[in-house]
Structure formats: structure tokens, C-alpha cells
Amino acid sequence: MAGANERTERNAMNGSAAAEGLASSLSQSELDKRMRRRGEESRWWWIVPTLYIIVLLLPIYWLINMSFKTNAEIVNSLTLYPHAPTLANYYTIFTEKVWYSGYINSITYVVMNMVISVSVALPAAYAFSRYRFLGDKHLFFWLLTNRMAPPAVFALPFFQLYSAFGLIDTHIAVALAHCLFNVPLAVWILEGFMSGVPKEIDETAYIDGYSFPRFFVKIFMPLIASGIGVACFFCFMFSWVELLIARTLTTTDAKPIAATMTRTVSASGMDWGLLAAAGVLTLIPGALVIWFVRNYIAKGFALGRV
Amino acid sequence: MDKTWNNKAWFLVLPVLVLVAFTAVIPLMTVVNYSVQDTFGNNVFTWAGTEWFEDLLSSGRFWEAMVRNLIFSFIILAIEVPLGIFIALNMPKKGWGVPVCLVLMSLPLLIPWNVVGTIWQVFGRNDIGLLGYYLNAIGIDYNYVQDPFDAWVTIIVMDVWHWTSLVVLLCYAGLVSIPDAFYQAAKIDGASRWAVFRYIQLPKMQRVLLIAVLLRFMDSFMIYTEPFVVTGGGPGNSTTFLSIDLVKTALGQFDLGPAAAMSLVYFLIILLLSWVFYTVMTNYDAER
């Protein structure tokens, strides 16, 4: 990726040199005025993003709105905001074991998966970004196919594999199963970040007498700290949002919140308020971290290739 | 970057290899194994050869799910890509608007998929949902539970709501990498808004657009959770996509042979698409 950046910068320098030449013949204010006339910098630029964001937020608002209502209010009348706001739904979730253990289970396996994925991906990504070795390209491609593989294909064999090992309904089973798509994701993202670090840094460190593990932990990891953060975030997120495999591999003790939501709804009729409150609580991890990763979201989804 | 040839790097890759072999290769081998065998329970298996594959490729149910899935993928691509480009072009380039837009727009991407389903299940209902209630109030007969067309519209709108932001963010990343000098030069040459888009912005976005199209195609091709939560594949079979059909066969009916054959065909299609993705990526990287 470093190459790409360098090229853009070089283009930028050539371009700006040319533009400066031309700009000198125009006055600065004249140029500013012309620039401002460009479509997206007109006075009305905010209309499109604002409309889009309103459309995005409306369904989310509706869920939050419902989570503060009683079931009677939800079913009997359509109110745009809770007329008798109640925290009863949230209270149920935080006090009933069936509900809060769902969150604890989800967080347990998600964190386990995140730690496993990122720690095995770090050395592998380093190897891919620095060395050529027998079969490297095939291996890199094969990793990608696992990231792209439909979870539905793996649901049944996973169930049988983990049954054979007696791991059904444990957190580690789900954590390992999610490695299927999270390890390749972490490798691809980290490789993208690592390729941005110039190779001279490695060489200098080796000349200074650093051993590989010491160099990796003391010098290299701080350099790609943001990359590690982004990889962790995306492992967390993709494991957090996955339902099919998590639901297949668990029955009671490790049942994730996502599965708790679907089952309870079908069992106890329709407790809409409770369902909405449970949904709102699953949004929180994403909403909490989103500010810190805002500049990396496109990069993470594009496997570090943007 | 010129890389040195070093086969010892294999030791660094080994942990990943072992882990992914356990999570991917063994299950996949099981699938291959089942796909050529027949069973009547009790772990007694008999050789079935290519029987399941022949059944699968001649069954209407599989092809219907496949066609449905392809139509779905093309519709959402046709909506999300132009819409994404349009919104990205109108996003602010500097100032306080940038982080606000980025954060609010990425919100749907980080919602668990089943909650996305729940949100739209609730939002579209005509008794308690804002959308369904007001559509019916203004005289549009909308009921996604019973009407296949409405179910399709709901699922497409949901997917557009869920994933357009990804296209927006990718395009935006491509757009901000264009140096201002390009626009200045275009302005001085008196280029029209369209010419700027066609000859500067679009070529610069080519790579990110390819990534966006491929990612969206692959993800929509294996969509499961959201339509499962909203419609459960119904009404009838009208929204039964490949993944939903596969899970019904594999975990609902425990038909190991047919499910395995279907998994393999499905996986091969994804493999082909991944190869296209990979080739595109490496070609671009080689060009730099």
C-alpha cells in the first residue's frame, strides 16, 4: 500500500506544481470563488447527506422508541414517542438470567475469538507483507475464500465436528468456529497496514541487534497499533453480528443474545418492548467504538485494500 | 515492495494454517464425504456416487433459489452502487461535517444482522411499525407477511438501508484521495460538472468501486440472517434464498447428502467469485 500512497503523493506534487503555475496568473480570491462553484461545495451540499442520514436513523429511532414503551402502548396505539416512558423492559433484561446471560455469553466468545484471531494473524500478516515463500500467493488466496465462504455451508459440518469433540454449547466452540472468517479478515487487514511500514525499519532494527520477537513486540507493533486496533474491532464486530453459526453450536449454556432474541419471541407470543430493548442493547458496542474507527471503516470492510 | 525469498516465513504462517485447517478444511472434507454417500441413520453410509449432484442440478427448488438470489443481488447492486456514488459525491470534504457523516452513516453497518432483521420486521408491520402503518394510512396496500411483492420490497429496502453506507464510505475513500489540483486544473479548463465526474472522479474511484461491487455481490449472494428474521423465507418460498434453502435442508431436515452436494456447488460459485476479487486486487497492486 505504501507504493500506492507514494504514487498518489507524487501525482499530487506534480499536479499542484502545474496548478500553481496556472494559479499565479489568477488571483487567489478568484480561484477560491471558482473552486466554491464546484457542485459539492455549494450552499446546499448538506441536503443529500442529511436526508440520507434521516432515512438511516428512522428505523433505529423506532426501535429505541419501542424499547421505552409498555406492550399495551405499542399494540394499542401508534405513538411517535413514548407517552408513558418505562424502563421495565431494560429492567427485565438486567434481572432475568435468560437475558443477561445471553449478553455475557456473546461477549465471552466474541472476546475469545478476537484474541485468538488477532494473535495468530499478527505473525502471519508479517510473513505475507515481508517475505516471499513457497505457496504464499495460494495461501493468501485460500484465506480469502474462507472469509467469503457462506456460513450456511459450514453450519452442518461444524455441528458434527464440534459434537465429535464434545464442544457443543461451549464458548470456545463458537470462538473457534468464527475464526473461519475472522482469521483471514485479520490477516488481510493487518497485511494492508504492515505493507505501509517501510522495510528499512526492520533492517535497521536487525542491524542494531534486535531479535525477531523483541523487534516485533517493541518496535513493530507500536508502529501498526492503529492497524491492530482496527483488526480487533472488525473481528469483534463480525463475530458479534453473526447468528447462524453461533446459534447452531449452542443450546443453553453458551447461547448468544441473538439466539435468545429469536427464540423468546416465538415462545412467549410477541413481547415487542422486550425485543426492542434487547435489540437496542446489541447496538451499544458498535455505537461506543464507532467514533474511534470512523476513518477506518471503509478500510476494514475492504479487507485493508483501500 | 520487493520482498525477499525466505521459506522460513512458513513458521510465522503455521499457526494460521493449523487453525484454519481445523475450522475450514476438516468441515469441508466432511461435506465432500457426505456429498457422495447415502445414509439411513445409525452412521451407516453407502456409496452414492454423483447421485446427489444429479438430483440437485435437476431439481427445480435449487434453481429457483439460485435465480431468486441472483435477481436479488442484481437489484440491490443496481440500487446501492449509483446511490452510494451519488451520496459520496455530496459528502463534505472538510470541517465538522466529515466525522459526523462518517459516524452516522456507518451506524447500520455495525448492527447485528438479526437486529437489522428485527428492526425492519417491526418497522414494516402495518399495526405497530412506522413505515407499514403510514403506507397503509395513505392508501397503499402494504403487507410484507402475506404479499410476496411487498416481502421483496421490504427485503431490498432493508438491504439498501443496511449496506449502501459501505458503498458510500468506499467511494468517499476513493474521492478524498484525489488531489485538489485535479479539480483546479479541470476548473481552469472549464470542465463541466459531468466531465469532472466522468474523467476525474470515476476513473479514480474505479478500484474502490470494483471492491464495493464484488463485496456487495458476494455478501448478498450468501445473505441469510436478515431475510430469515423478517420473512423466514416466505410468504411461500418467495424469499427463500440459497442460504435459507441450504439451512432448511441441512439443519431442518438433516438430509446430509443433498445438503452437502448443495454446499459444494454453492462453495464453488463463491470460490470463483473470490478468485475474480483476488485477481482484481493483485492486478491493481502490481500496477502501482
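Which residues of the largest nonpolar core touch the most other members? In this predicted model, they are A121(A), V187(A) and L170(B), within a core of 164 residues. Helix α9 of chain A, spanning residues 171-194, provides the largest share of this core, namely 17 residues. Domain 2 (46-86) and domain 3 (97-301) of chain A each contribute at least three residues to the core.

The surroundings of A121(A) were examined further. When neighbours within four places in sequence are set aside, A121(A) is in contact with V183(A), A186(A), V187(A), L190(A) and A231(A), and also with V16(B) of the partner chain. Another core, of five residues, lies apart from the 164-residue core. Among the members of this separate core are A181(B), F182(B), Y183(B) and V196(B).

Contacts between the two chains involve 90 residues of chain B and 97 residues of chain A. On the side of chain B that touches chain A, helix α1 (residues 10-35) of chain B gives the most, with 13 residues. By class, this side of chain B comprises 70 nonpolar residues, together with 16 polar and four charged ones.

The chains are also joined through paired strands. Strand β1 of chain A (residues 131-132) and strand β1 of chain B (residues 4-5) run parallel and are connected by two bridges. Within this pairing, Y131(A) is placed opposite T4(B), a residue of β1(B).

Turning to the organisation of chain A, the domain assignment divides this chain into domain 1 (1-41), domain 2 (46-86) and domain 3 (97-301). A distance of 32 Å separates the C-alpha centres of domain 2 of chain A and domain 3 of chain A. The contact between these two domains draws on eight residues of domain 2 of chain A and seven residues of domain 3 of chain A. On the domain 2 side, helices α3 (47-67) and α4 (71-76) of chain A each supply at least two of the residues that touch domain 3 of chain A. The greatest contribution to this side is that of α3(A), with four residues. In terms of residue class, the side of domain 2 of chain A that touches domain 3 of chain A consists of four nonpolar residues, three polar residues and one charged residue.

How values were computed: Residues are numbered from 1 along each chain as its sequence is written. Chains are lettered from A and ligands numbered from 1 in the order in which they are written. This is a predicted model: local features need pLDDT of at least 70, side-chain atom pairs count only at pLDDT 80 or more; totals for chains, interfaces and linings use all residues. Domain bounds come from an automatic or database domain assignment. Ala, Val, Leu, Ile, Met, Phe, Trp, Tyr, Cys and Pro count as nonpolar, Asp, Glu, Lys and Arg as charged, and the others, Gly among them, as polar. Two strands pair if DSSP finds at least two bridges between them. A nonpolar core is a set of buried Ala, Val, Leu, Ile, Met, Phe, Trp, Tyr and Cys residues joined through C-beta atoms within 7 Å. A residue is buried if 20 or more other C-beta atoms lie within 10 Å of its own, exposed if 12 or fewer, and partly exposed in between; C-beta atoms are placed from the backbone.
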